[in-house]
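The following exchange concerns a pocket and a ligand, and the reasoning behind the terms applied to them.

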Amino acid sequence: MQLAERMSRLGTETAFEVLARAKALEAEGRQVINLGIGQPDFRTPEHIVEAGRKALADGHHGYTPANGIPALRQAVAADIREHRGVEVDPDDVVIVPGGKVTMFFAALMFGEPGAEILYPNPGFPIYQSAIEFSGAKAVPIPLYEETDFSFSAEEVLAKITPATRLIMLNSPANPTGGVVPRAEFDRLVAGLEAHPQVAVMSDEIYSRLLYDGREHVSLLGYEALRDRVILLDGWSKTYAMTGWRIGYAVWPKPLAEQATRLAVNCHSCVNAATQYAALEALQGPQDSVEVMRRAFDERRKIILRELNRIAGFRCVEPAGAFYAMPNIAGTGMSARALQDGLLEEAGVATIAGTSFGDYGEGYLRFSYAASTSEIQEAMVRIRTFLASRG
Ligand code: PLP
């Protein structure tokens, strides 16, 4: 068999490998605390599950329009109006099986040999993977601990060349928990006026998970960029629906049809029952969103305090999502060695910063979507592990 060369350029998401290894250790009788995988540890709220069940009972068993059922696209537009204060045409909304699909579609739409696409590093690993798969050059936007893992607009703008076609951005961010301040977005948007050919994909999947009164800044809110912003969002994190596989994008008008064509070629549509569940998520009671956010906030405070007590660790305060990304250079271990040691010897699953790009060396990502007692126990195990190594 001879595979296409592009297959050698496809990356992966190490979190799934760590999860598999953690499950294998558990099968051997070991008790592993999983602070690796990035998904809420809550069940999907019952009224949403019930809507999915009802959709199946009501006979929603067939294909739907490739871009999603009209009621759901209208509900997404209403949700964007409520939370972002922006009017969008439901026809520009494309429902897809997970937030991830939009980044892959965007990379395929803009990327090819000779093109350049900018992406955050450390960042969600699929950005770099999808860009390189497309044949485009993946140009990292470094994120630094010193600026709470925000990007510098000046640095982003300086990386734009005549070959640049797309910039991928993510705030609140995985893996850092960083939130980009409005002033930085303002500077970037002002600078982009000089580069009208450059599109922006704004991954706002954690937009509802913000702490300490931080406001969400959506790139969709900038009129100057309206005709070239792709908004990526979905249900996975806000409504604890990672396994349902549903997300959405708002595309600039001419691109919505292209995205729908990719959907027709790729997955036809999101399964019908999931779309009805997602509709209930947007239109039904919203209290569970705030209940989960508060629970994450409580855990965030605990993990931040505990991580900063570990000798060799230093952690800036994450303002969004459910991740903390301590600097672990003081332990003298590489990120990968520490990830492996903690998993194999201490039974704590975390993800090496290098899984999120080269700028992640010296860092470890903790997902705090776990109970407070699990977080406390994990910290004890880490301290014991490091102490045993002297
Ligand atoms: N974007 C970011 C930044 C993420 O962290 C994730 C999931 O971890 C996704 C998108 C993908 O979400 P989904 O599970 O809806 O595909």
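**Pocket lining and ligand contacts**

Q: What makes up the lining of the largest pocket, by class?
A: In this predicted model, the lining comprises 13 nonpolar, 11 polar and six charged residues. Glycine is counted among the polar residues.

Q: Which residues lie closest to the centre of the largest pocket, and what is its volume?
A: The volume is about 450 Å³. Of the 30 lining residues, Glu13, Gly38, Lys100, Phe124 and Lys237 are the closest to the centre. Helix H1 (14–27), helix H4 (99–110) and helix H5 (125–134) are the elements that each contribute two or more residues to this lining.

Q: Why is the largest pocket said to lie between domain 1 and domain 2?
A: Domain 1 (5–44 + 287–388) and domain 2 (62–283) both give residues to the lining, so the pocket lies between them.

Q: What makes a residue count as being around the ligand, and which come nearest?
A: A heavy atom of the residue must lie within 4 Å of the ligand. There are 14 residues around the ligand, and Gly99, Asn174, Asp203, Ser236 and Lys237 come nearest.

Q: Why is the pairing of asparagine 174 with the ligand called a polar contact?
A: The cut-off for a pair of N or O atoms is 3.5 Å. A polar side-chain atom of asparagine 174 is 2.7 Å from a ligand oxygen atom, so the pair qualifies as a polar contact. For lysine 237, a polar side-chain atom likewise lies 2.7 Å from an oxygen atom of the ligand. With glycine 99, a polar backbone atom is 2.7 Å from a ligand oxygen atom.

Q: How much of the ligand does the protein bury?
A: Taken alone, the ligand exposes 390 Å², of which the protein buries 94%.

Definitions and conventions:
Residues are numbered from 1 along each chain as its sequence is written. This is a predicted model: local features need pLDDT of at least 70, side-chain atom pairs count only at pLDDT 80 or more; totals for chains, interfaces and linings use all residues. Side-chain values use heavy atoms; hydrogens and water are left out. On a 1 Å grid over the protein atoms alone, a cavity is a set of points where a 1.4 Å probe fits but cannot get out, and a pocket is an open set with protein on both sides within 12 Å along at least five of seven lines; lining residues have an atom within 4 Å of a point. Grid points are joined across faces, edges and corners, and a volume is the space filled by probe spheres set on the points. Helices (H or I, at least four residues) and strands (E, at least two) are DSSP runs, numbered from the N terminus. Domain bounds come from an automatic or database domain assignment. A polar contact is a pair of N or O atoms within 3.5 Å; within protein, one must be able to donate a hydrogen and the other to accept it, and residues adjacent in sequence count only if both atoms are side-chain atoms. Accessible areas come from the Shrake-Rupley method with a 1.4 Å probe; for residues, only the protein chains shown count as cover.
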